[in-house]
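Colleague: I should be grateful for guidance on how to read this structure, feature by feature. May we begin with its overall division?

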Amino acid sequence: MSAASLPAVLGGTPVVTAPDAPDWPPVGPIESAVLAEITEQERWFGFSHKPAKWRAILEQVVADTTGYRYGVGQPNGTLAIGSGLRAQVLARGAAWAEGRDEVLVADLTHASAHHGVLVGLAPQLGRVPRLVPIDAKLDATMDEAVVADYLSRHADRVLGVVPATMYGNFGAIERIAELAARHDVASHHDNALGGAARYDGGKAVTASISGQGEGKATPAGEAGLTLSSDPDVAWWIRADTDTGHGAGRLDPIPYAEHPPLAAGNQRLGEHPAALMLVQWLRALHARLQMRESRRLVQELLADPALFPAPVLWNPPVDAEYPPFFALYMSCTDALEAELGLSPEDLRVALWAEGVYAEPGFTPTHQDPAWQHVTEGLDLSYAGSARVFDRAVFIHAQWLRDARFPGWLRDILARVVAHKDALRGISATVSRPPHG
Ligand SMILES: Cc1ncc(COP(=O)(O)O)c(C=O)c1O
């Protein structure tokens, strides 16, 4: 396709037509076979004295892939966050929790994460904790300098810190986990977006992953896991997930005697466990293509033949196998200065070419449902506001497709060639709200 072809939003043929768009979710006959086997064998669930087979396989594979020792299946990533924090509070005991009411969370995150923190801790504490959203850096992850400053002033009122994998980056998990340990507070890594990615640095005491179907790397409908390398904490997670019953002798988590626990049912069923397992195996392949696509996209964004000054930025990769929930690019000031386009002009142009682009998650401080939690805090949210304002966020399915970097090059070449006609296009053409 010639660089001078008319952009689709101005009447040209889209670079990606519907039949070429990558499929989502990426399925094959293995999913049908495993679901049929479970259905026909009538072992649809497991619990303490009826060990779950597929869930136990998933738990071991996910733990091994992500560098944790143990995993516990959960119904989703939201409850998995609550489960990790609750287990740490249980392991630390009631005396430690006294007088502590705050949980540091990411300002830039999916708001269901906040719900996970609240519903996870409230029954355990007998009170609702206060969320303290922490600003984001340009890579979209929690700013560890703000965490360090906050803990140095108020660690005695903090229960825990919950940094989150955001889009394609882990961020400063190791540093934040170290700060939490030094200040004697709990640490949970909300790794909902990190399925099949691997963080090699020092880890939070617990972590959670989502298998939700819309865009996660390992879509399973609804599913999740909580992870920990501490056998005691893992035992509490299992017991808390499984109506107070801890690991039996056939559980991947070591058997141990513990006092009884008041707990509910938060178990993962066999069907979603098997689906997430097969998707996890597919993702071990997809992550190779994703890593290469991201390298090619980074090369493209820095190509002086396309842009004399880069108008888009993709954060440096911070892991050997980085998360691939989405491709996140941030518009630099050169987008306006060199091309005269706004971030929304660019998103509209991409959408019309067949590649849906959006600004990503609404930061907590701007979210009408959640912004009240930031009231009265003397914290700045300039970082997450900028990420949201200037983000071009593209669904994971595109990074998994080897054709995507070429398509992106064609689209950006059209944008550059027709920048004058595209200027202000978002004032007259709107993207639909969802892709
Ligand atoms: C950062 C983050 N944390 C937690 C969650 C919750 O995961 P789930 O949808 O599986 O409950 C999400 C969901 O999108 C998320 O994006």
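Colleague: What distance separates the centres of domain 1 and domain 2?

Modeller: Please keep in mind that the model is predicted. Taken over C-alpha atoms, the centres of domain 1 and domain 2 are 29 Å apart. According to the domain assignment, domain 1 comprises 8-26 + 284-427, while domain 2 covers 29-277.

Colleague: How many residues does the contact take from domain 1 and from domain 2?

Modeller: The size of an interface is often given as the accessible area lost when the parts come together. Here we may count residues instead: 39 residues of domain 1 and 34 residues of domain 2 take part in the contact. On the side of domain 1 that touches domain 2, at least two residues each come from helix 9 (270-301), strand 9 (326-331), helix 12 (382-390) and strand 11 (391-395). Helix 12 provides the largest share of that side, five residues. Sorted by class, the side of domain 1 that touches domain 2 holds 25 nonpolar, nine polar and five charged residues.

Colleague: Let us turn to strands. Which residues of strand 5 lie on one side, and which on the other?

Modeller: In a regular strand the side chains alternate between the two faces of the sheet. In strand 5, Ala186, His188 and Asp190 lie on one side, Ser187 and His189 lie on the other, and all are buried. Because five of the five residues of strand 5 (residues 186-190) are buried, strand 5 is largely enclosed by the rest of the structure.

Colleague: In which sense do strand 4 and strand 5 pair?

Modeller: Strand 4 (residues 158-162) pairs with strand 5 in the parallel sense, over two bridges. Within this pairing, Ser187 of strand 5 is the bridge partner of Val161. Strand 4, helix 7 (residues 173-182) and strand 5 together form a β-α-β unit, and this unit is right-handed. Strand 5 also runs parallel to strand 6, to which three bridges join it. There, Asp190 has Ser208 in strand 6 as its bridge partner.

Colleague: Why is helix 8 described as largely enclosed by the rest of the structure?

Modeller: The reasoning rests on a count: nine of the eleven residues of helix 8 (residues 231-241) are buried, so helix 8 is largely enclosed. Among the buried residues are Trp235, Trp236, Arg238 and Asp240. The buried residues of helix 8 pack against strand 1 (70-74), helix 3 (77-92), strand 6 (206-210) and strand 7 (224-228). Just after helix 8, Thr243 has a positive phi of about 45°.

Colleague: May we also consider a single residue? Why does Leu131 count as buried?

Modeller: Leu131 has 22 C-beta neighbours inside 10 Å, and therefore counts as buried. Leu131 belongs to strand 3 (residues 130-134). Leaving aside residues up to four places away in sequence, Leu131 touches Val103, Val105, His114, Val117 and Val373. By contrast, the C-alpha atoms of Leu131 and Glu358 are separated by 27 Å, and these residues lie 227 residues apart along the chain.

Colleague: Finally, how many residues surround the ligand, and which are the closest?

Modeller: The ligand is surrounded by 14 residues, of which Gly77, Thr78, His110, Ala192 and Ser210 are the closest. Helix 3 and helix 5 (112-125) are the elements that give two or more residues to this shell. The residues of the shell around the ligand comprise four nonpolar, nine polar and one charged.

Methods: Residues are numbered from 1 along each chain as its sequence is written. This is a predicted model: local features need pLDDT of at least 70, side-chain atom pairs count only at pLDDT 80 or more; totals for chains, interfaces and linings use all residues. A residue is buried if 20 or more other C-beta atoms lie within 10 Å of its own, exposed if 12 or fewer, and partly exposed in between; C-beta atoms are placed from the backbone. Helices (H or I, at least four residues) and strands (E, at least two) are DSSP runs, numbered from the N terminus. Two residues are in contact if their C-beta atoms, placed from the backbone, lie within 7 Å. Two strands pair if DSSP finds at least two bridges between them. A crossover is right-handed if, with the strands pointing away from the viewer, the path from the first strand over the helix to the second runs clockwise. A residue is near a molecule or strand if its C-beta atom, placed from the backbone, lies within 6 Å of it. Ala, Val, Leu, Ile, Met, Phe, Trp, Tyr, Cys and Pro count as nonpolar, Asp, Glu, Lys and Arg as charged, and the others, Gly among them, as polar. Domain bounds come from an automatic or database domain assignment.
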